Amino acid sequence: MNETSLKQLLEEARHKIEVTDDELAEAKRRRQRLANALGRARRRPPDSAGT
């Protein structure tokens with residue numbers, strides 16, 4: 001049976017999910033744009049069409 005240490009498993013998992021600085025920056029920009037859009041949608045008055 002091939003036994004792998006917990007430390008090695010964690011290191012392999014971290015390596016699989018690591019991202020570059022550029023990828024992280026892009027994700028942060030997208031998250032901020034989404035938050036801004038949601039904030040604008042909340043502050044927008046209800047649509048009076050149909051009343």
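R29 is partly exposed in this predicted model, at 44% relative accessibility, where partly exposed denotes the range between buried (under 20% relative accessible area) and exposed (over 50%), evaluated with a 1.4 Å probe and protein chains only. E26 is also partly exposed, with a relative accessible area of 28%, whereas R30 counts as exposed at 58%. The model is a prediction in which local features need pLDDT of at least 70 and side-chain atom pairs count only at pLDDT 80 or more, while totals for chains, interfaces and linings use all residues. Residues are numbered from 1 along each chain as its sequence is written, and side-chain values use heavy atoms, with hydrogens and water left out.

A salt bridge is assigned when a side-chain nitrogen of Lys or Arg lies within 4 Å of a carboxyl oxygen of Asp or Glu. By this rule, two salt bridges are counted. One joins the side chains of E26 and R29, with an N to O distance of 2.8 Å. The other pairs E26 with R30, with N to O at 2.8 Å. Through shared partners, these salt bridges link E26, R29 and R30 into one network. E26 and R29 are three residues apart in helix α2 (residues 21-43), about one turn of the helix. E26 and R30 are four residues apart in α2 and are likewise separated by about one helical turn.

Helices (H or I, at least four residues) and strands (E, at least two) are taken as DSSP runs numbered from the N terminus. The protein chain contains two helices and zero strands. Helix α1 has twelve residues and spans 17 Å from its first C-alpha to its last, close to the expected 16 Å; the expected span is 1.5 Å times one less than the number of residues. Helix α1 is hardly covered, with zero buried residues among its twelve.

L10 lies in helix α1 (residues 6-17) and is partly exposed, at 40% relative accessible area. Together with L6 and L9, L10 forms a nonpolar surface patch with about 290 Å² of accessible area. Patches comprise residues with over 30% relative accessible area and no salt bridge, joined within 9 Å for like charges and within 5 Å for nonpolar side chains (Val, Leu, Ile, Met, Phe, Trp, Tyr).

For the protein chain, the radius of gyration is 22 Å, against near 10 Å for a compact globule of 51 residues; the radius is taken over C-alpha atoms, and the globule rule is 2.2 Å times the number of residues to the power 0.38. The C-alpha atoms fill a box of roughly 70 × 25 × 10 Å along the principal axes. Buried residues make up 2% of the 51 residues. The accessible surface is about 5500 Å², of which 52% belongs to carbon and sulfur atoms, computed by the Shrake-Rupley method with a 1.4 Å probe; for residues, only the protein chains shown count as cover.
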